[in-house]
Structures are given as C-alpha cells and as structure tokens.
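User: I am new to this structure and would be grateful for a close look at a single part of it. Please choose one stretch of the chain, describe it carefully, and then relate it to the rest.

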Amino acid sequence: MSEIDPAFIQPIEHRPKPFTIEAEGIPIIDLSSITSTNHYENERGDINNIGVLIAEIGNACEKWGFFQVINHGVPQEKLERLEVTGRKFFALPQEEKRKVGRGEANPIGYYDSEHTRNVKDWKHVFDFTAKDHSYIPVDPDDLKPKQLINCWPQSPPEFKEDAQEYARELEKLAFKLLELIALSLGLAADRLNGYFKDHASIVRLNYYPSCPSPQLVLGLNRHKDAGALTILAQDDVGGLQVRRKSDGEWVSVRPNPGAFIVNVGDIVQVWSNDKYESVEHRVMVNSEKERLSIPFFFYPAHYIMVKPLEETIDDENPPKYNEYNWGVYFATKRKNNFKKLPVENIQVAHFKIV
Ligand SMILES: O=C(O)CCC(=O)C(=O)O
Ligand SMILES: [Fe+2]
C-alpha cells in the first residue's frame with residue numbers, strides 16, 4: 001500500500017509510464033545572431049541575416065509548440081544564483097515558508113498545494129511578478145484589477161535581489177522571442193509588443209521533492225500554459241514531458257545545460273488562429289532526486305482582449321476563436337487551480353468557434 005496522500009494520486013490512465021521516450025528533435029535554436037545586436041527590427045540588412053532563424057522558430061512552433069534556445073544572452077551566473085537561493089528557500093521549515101504564503105487575496109508567494117486538473121501536484125512553488133507594479137484581477141467575482149505585491153522571504157536575504165535581476169534578464173529575452181515569433185508569423189517585429197506594455201508576467205520557482213512512489217503521482221499534471229510564451233530553465237535532473245504533436249506520445253525533454261526551453265502558450269495559439277499550438281506538457285518526479293525548474297510566464301496586460309490577429313484571417317481562414325479578456329481568464333484560471341473544485345479548469349478551447 002502506498003503511504004501517499006490520496007489527493008496526489010493520479011487516475012491510472014494519467015500515471016507516468018514505467019519507461020520514457022526521449023524527445024528527439026525538439027529544435028535547439030542558436031540566438032547569437034540577435035543577442036549580439038538589438039537593432040534588427042530597424043535594419044533591413046539584419047532582417048535578411050536572421051531569415052534562417054525566423055524560419056527555424058516558425059517550424060518549431062508549428063511542429064512542436066516547443067523549442068530550446070542557446071546563446072540567448074542571459075548570463076548563466078544570474079540563473080545559477082537564483083537556483084541556489086531558491087533551493088535554500090525551499091529547504092526552510094514549512095512555517096518559515098508559510099510566512100510568505102500565497103492566499104486567495106494575493107495569489108503569489110509560496111504555495112504547496114497546487115491542483116492542476118483537480119489532482120494535487122507533487123511540488124512546492126514560489127511565484128513573484130517580473131515587474132514591481134503588476135495589476136491583474138485575481139477574483140472572478142471581483143474583476144477590479146489588483147496590484148500584485150511580491151512578498152519576499154527574509155531568508156535567504158539575497159532572494160529579492162537575485163529574483164529581480166533574473167526577472168530583468170528574462171524580460172529582455174521574452175521581448176526578443178516575441179519579436180521573432182511575430183516575424184515568423186509574417187508580422188512586423190513589434191506587432192505584438194503593445195500588448196505587453198503593462199505586462200503582468202510571473203516568474204515561478206517549481207520545487208519537486210523526491211517521491212517514494214513516483215509512478216503514482218505527477219510533479220505537475222498535464223496542462224497547457226495560458227499566457228503568450230513560457231521560458232523555462234530546468235536543472236540537470238529531468239522530468240519534463242511534452243505531448244508530441246505527431247503521435248500524441250509523452251516524450252521527455254533531456255536537460256541541456258545553458259539552454260532555455262520555450263513554448264508557445266494559449267494566447268499565441270489564438271493570435272495565430274491555430275497556426276501555432278499550445279502543447280500539453282507535464283512533469284514526472286523520481287524517488288531519488290529533488291528537482292528545480294524556473295519558468296518565466298510572459299503574460300500580456302490584463303486589459304487586452306485576446307482574439308485571432310486580423311493578419312491571420314481571410315475568407316479561407318475565418319477566426320477560430322471568440323475574443324476573451326486576458327485578466328478575466330487569468331482570474332478564473334487562478335481560482336480554479338487554487339483548490340479542488342467540482343468543475344473543469346477554464347481552457348482556451350471554451351472560446352473556440354465551432
Ligand atoms: O518544471 C517543468 O519542467 C515545467 C513547469 C511548467 O510546465 C509550468 O510551471 O507551467
Ligand atoms: Fe507549463
């Protein structure tokens with residue numbers, strides 16, 4: 001008999017398989033041609049030089065919804081510092097971590113009972129906003145945007161600075177990737193930037209403890225990311241699995257030191273009118289090692305309405321989604337994954353025009 005709290009136990013059909021298939025072919029894309037200059041959008045010559053890069057990004061988004069980037073311009077030591085700091089934080093006694101606990105009113109900070117698809121995830125999280133002043137509604141019954149207040153732990157004392165420095169670097173990378181994705185869709189490089197003027201992006205530290213029965217649980221249940229883009233750093237343990245579009249199989253993404261994993265979220269799926277798909281992924285845990293991952297969720301401003309971009313629509317390609325407000329969607333989703341509820345989590349598919 002397992003001694004695991006039944007709240008964590010996955011239904012049989014969703015448990016991890018006893019063997020894993022390595023994801024061969026998730027593209028590794030070298031960003032050095034744009035990280036050495038910031039002016040490509042204004043200089044015709046540079047646009048030609050990055051044509052290959054844009055094609056690689058477009059192909060990866062269509063085929064996988066995922067890709068990895070190297071030579072991305074984020075200093076490795078800033079990531080390493082946050083990883084060390086994060087591990088120190090998660091090693092603190094529970095009552096210490098709860099002092100910066102997330103609540104219904106301010107849904108950032110420390111949390112250890114996230115439910116994805118109504119089953120408890122085998123992980124602890126710490127969330128903070130990338131910008132100091134982020135506004136977004138957090139309660140679907142009160143849609144007034146609220147300022148999210150970062151609650152920094154006292155220990156380790158370097159947490160706040162390490163976190164903020166990392167967020168600044170990732171914000172720069174996120175805008176670069178956004179421009180590349182816009183170009184790959186045949187849009188002007190800055191076509192999507194306006195939606196992120198008041199972006200409410202969140203950085204998350206995911207800490208997955210080792211688990212005595214890893215075959216029964218998931219560190220993070222299958223899900224799609226709701227935002228525009230996610231940029232993920234993972235340590236060397238492994239456990240992330242992506243649903244391969246070609247055959248629906250769960251395949252593992254091998255850790256690649258120095259690379260970030262990027263995936264397009266639901267918003268890019270809607271903007272592109274399904275040209276790019278937000279792909280399901282999940283995390284397995286293991287009985288020996290704990291694991292740390294750090295996603296940067298690139299979220300637009302709460303007030304934007306998400307709908308297929310006009311440029312992606314014509315007589316042959318009518319819009320496939322009704323528009324929705326990002327802030328309302330975010331608030332609804334957050335409420336859903338805060339605890340077990342008797343309803344299905346909100347999904348972008350609910351806005352699909354059938
Ligand atoms: O830990 C990972 O590898 C993935 C995390 C993730 O998908 C998420 O936090 O949305
Ligand atoms: Fe995710």
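Analyst: **Aspartate 274 and its surroundings**

Aspartate 274 has a relative accessibility of 25% and therefore counts as partly exposed, since this class lies between the limits of 20% for buried and 50% for exposed. The model described here is a predicted one. Aspartate 274 belongs to the loop that joins helix 7, residues 266-271, to strand 16, residues 281-283. The backbone of aspartate 274 has a phi near 80 degrees, which is a positive value in a residue other than glycine. Most residues other than glycine have a negative phi.

The loop between helix 7 and strand 16 also holds serine 272. Is serine 272 buried or exposed? With a relative accessible area of 3%, serine 272 is buried, because the limit for that class is under 20%. Apart from residues up to four places away in sequence, serine 272 touches Leu185 and Thr312. Alanine 182 offers a further point of reference: 90 residues separate it from serine 272 in sequence, while their C-alpha atoms are 9.5 Å apart in space. Alanine 182 falls within the range of helix 6, residues 159-184.

Proline 308 provides another link to this loop. The C-alpha atoms of proline 308 and serine 272 are separated by 6.0 Å, although the two residues are 36 residues apart along the chain. Proline 308 itself is placed in the loop between strand 18 (305-306) and strand 19 (324-325). Its relative accessibility is 5%, so proline 308 counts as buried. When neighbours within four places in sequence are left aside, the contacts of proline 308 include Val270, Trp271 and Asn273. Val270 and Trp271 lie within the range given for helix 7, 266-271. The other contacts of proline 308 are Ile313, Pro319, Lys320 and Tyr321.

The loop can next be placed in a wider region. An unreviewed UniProt entry annotates residues 199-300 as "domain: Fe2OG dioxygenase". Over residues 199-300 the chain is 6% helix and 39% strand, and the C-alpha atoms at the two ends of this range are 4 Å apart.

Strand 16, at the far end of the loop, leads to a second set of contacts. Leucine 220, in strand 11, is in contact with Arg282 and Val283, among other residues beyond four places in sequence. Leucine 220 also contacts Thr116, Asp121, Lys123 and Tyr208. Its relative accessible area is 10%, so leucine 220 is buried. By contrast, leucine 220 and alanine 200, 20 residues apart along the chain, have C-alpha atoms separated by 23 Å.

Lys123 appears again beside proline 209. The C-alpha atoms of proline 209 and lysine 123 are separated by 6.3 Å, with their positions 86 residues apart along the chain. Proline 209 sits in the loop between strand 10 (202-208) and strand 11 (220-223). At 19% relative accessibility, proline 209 counts as buried, because the cut-off is 20%. Beyond its neighbours within four places in sequence, proline 209 is in contact with Trp122, Lys123, His124, Val285 and Glu290.

The positive phi of aspartate 274 has a counterpart elsewhere in the chain. Asparagine 71, likewise a residue other than glycine, has a positive phi near 50 degrees. Its place is in the loop between strand 3 (66-70) and helix 4 (76-90). Asparagine 71 has 42% relative accessibility, so it counts as partly exposed. Another backbone feature concerns the peptide bond from serine 155 to proline 156, which is cis, with omega near -5 degrees. Proline 156 is found in the loop between strand 9 (146-148) and helix 6. Most peptide bonds are trans.

Finally, the whole protein gives the setting for these details. It contains eight helices and 19 strands. Its radius of gyration is 20 Å, which agrees with the value near 20 Å for a compact globule of 354 residues. The C-alpha trace spans about 60 × 45 × 45 Å along its principal axes. Of the 354 residues, 56% count as buried, and serine 272 is one of the buried residues. Among contacts between residues at least 6 apart in sequence, 79% join residues at least 24 apart. The accessible surface comes to about 15700 Å², and 51% of it belongs to carbon and sulfur atoms. There are 43 positive and 52 negative side chains, and the centres of the two sets lie 4 Å apart.

Methods. Residues are numbered from 1 along each chain as its sequence is written. Chains are lettered from A and ligands numbered from 1 in the order in which they are written. This is a predicted model: local features need pLDDT of at least 70, side-chain atom pairs count only at pLDDT 80 or more; totals for chains, interfaces and linings use all residues. Side-chain values use heavy atoms; hydrogens and water are left out. The radius of gyration is taken over C-alpha atoms; the globule rule is 2.2 Å times the number of residues to the power 0.38. Buried means under 20% relative accessible area, exposed over 50%, partly exposed in between (1.4 Å probe, protein chains only). Contact means heavy atoms within 4.5 Å. Accessible areas come from the Shrake-Rupley method with a 1.4 Å probe; for residues, only the protein chains shown count as cover. Lys and Arg count as positive and Asp and Glu as negative; His and the chain ends are not counted. The place of a charge is taken as NZ of Lys, CZ of Arg, CG of Asp or CD of Glu. UniProt positions are given in the numbering used here, feature names are shortened, and annotations may be inferred rather than shown by experiment.
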